[in-house]
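Visitor: Please choose a single part of this model and take me through it closely, in one connected account. I would like the cut-offs behind each term as you go.

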Amino acid sequence: MNTHEKYMSRCIELAKKGAMEVSPNPMVGCVLVHNNEIIGEGYHEKYGEAHAEVNAIKSVKNKDLLCECTLYVSLEPCAHHGKTPPCSDLIVRKQIPKVVIGTVDPFAEVAGKGIEKLKNNGIEVTVDVLKKECLELNKRFFTFHEKKRPFIILKWAQTSDGFIDVDRNAESYGEPTWITGSDALVRVHQMRAMEDAILVGTGTAEKDNPSLTVRLVEGKNPLRIILDRKLKLSPRLNLFDNSTETLVINSLKSEKRGNTELVQVDYSLDILPQILEILYKKEKLSLIVEGGRKLLQSFIDQNLWDEAHIFNGSKTFNGGVPAPKLSGEVVANEIIGRDFLQIFRNPVQGS
């Protein structure tokens, strides 16, 4: 690892501290180096608040050293007025002579303009240091701006013989059919806390009566989305408890009821692009699709997915509802208690 990579690694480490707090902004970390020593560092801590570069510069005790520093930042400094002033202007004003950037910002208001402004003011700029790692850090942000949709994660649990549920009748509705253990459930709640929205179909809402919250961990609840074409689901379901922001995708009407919003779409057309457009307009960077099989398979068949998180339990059902069929590249394996998580990446999407 060379010097640039060493300090960019620290930027990435800092940036991750902003997870769950900065969406729809990206996670960004920044360090200031003087004579091979970090004299200031910061990260984007919360949406609407100061950016990483501002926090890093503010942390430097001796501001006279800034004109002799190299600034490292995981994402191109912004060049536009948003909720905060442009970071590129601040860097120019502080006369920082060198800037090393992890990757270019895909957001149209930035997209190279920050780099151009720095160069036009005589600052030496180096780009694409640990680019792959910086892209991975903000894969949700990049997907959102480049594909105009959220980063889509498919999630299900399956038995060792490949089923996600037993065949059930109405008498057995109201509770999930547990395939994995308590450790895996905590991991699912951690996953929910990291993402902006979560989607289930009518069948899953009715059969499992899920809450789709993060009860077992600290963090924010994702936006809950339920498909209910004719608005026939029982109002007594946990999803309608009005405890957190919820969308009900239906064919009949649009209206707001506290934290619950009915959103009308055209069910005679493909509803998946319509849902993704709604989420794009709401600036939701990521979506978990949590079931059931028909809904999951529809995302797979339309190639509308970036990752799939498959929890494998040791139980066998010897029949029932088969798991969705998916082809992808395994990018991570994780043992969770007695269960096993596989994470697949969609090679066609090139996430």
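**Salt bridges and their surroundings**

Guide: Arginine 187 counts as buried at 18% relative accessibility, where buried means under 20% relative accessible area, exposed means over 50% and partly exposed lies in between, with a 1.4 Å probe and protein chains only. The model is a predicted one, in which local features need pLDDT of at least 70 and side-chain atom pairs count only at pLDDT 80 or more, while totals for chains, interfaces and linings use all residues. Residues are numbered from 1 along each chain as its sequence is written, and side-chain values use heavy atoms, with hydrogens and water left out.

Arginine 187 forms a salt bridge with glutamate 334, their closest N and O atoms being 3.2 Å apart; a salt bridge is a side-chain nitrogen of Lys or Arg within 4 Å of a carboxyl oxygen of Asp or Glu. This pair links distant parts of the chain, since arginine 187 lies in helix α7 and glutamate 334 in strand β16 (residues 329-336), 147 residues apart. Helices (H or I, at least four residues) and strands (E, at least two) are DSSP runs numbered from the N terminus. Glutamate 334 is partly exposed, at a relative accessible area of 30%.

The structure holds 21 salt bridges. One of them joins arginine 140 to glutamate 195, with 2.8 Å between the closest N and O atoms, and here too distant parts of the chain are linked, arginine 140 being in helix α6 (residues 139-147) and glutamate 195 in the loop between α7 and β8 (197-200), 55 residues apart. Arginine 140 is buried at 17% relative accessibility, and glutamate 195 is buried at 3%.

Arginine 140 also belongs to the lining of the largest cavity, which holds about 170 Å³ of space. Ser23, Met27, Arg140, Met194 and Leu285 are the closest to the centre of this cavity among its 17 lining residues. On a 1 Å grid over the protein atoms alone, a cavity is a set of points where a 1.4 Å probe fits but cannot get out, and lining residues have an atom within 4 Å of a point; points are joined across faces, edges and corners, and a volume is the space filled by probe spheres set on the points.

A further salt bridge is made by the side chains of aspartate 306 and arginine 149 (2.8 Å, N to O), with aspartate 306 in the loop between α10 and β14 and arginine 149 in the loop between α6 and β6, 157 residues apart. Both partners are buried, aspartate 306 at 0% relative accessibility and arginine 149 at 6%.

Strand β6 (151-158) has eight of its eight residues buried, so β6 is largely enclosed by the rest of the structure. Phe151, Ile153, Lys155 and Ala157 lie on one side of β6, and Ile152, Leu154, Trp156 and Gln158 on the other. Strand β6 runs parallel to β13 (residues 286-289), joined by four bridges, and pairs in the parallel sense with β14 (residues 307-312) over six; two strands pair if DSSP finds at least two bridges between them. Phenylalanine 151 has serine 286 of β13 as its bridge partner, whereas alanine 157 stands opposite phenylalanine 311 in β14.

Conventions. 1 Å grid on protein atoms, 1.4 Å probe; cavity = no way out; pocket = protein on both sides within 12 Å on 5 of 7 lines; lining within 4 Å.
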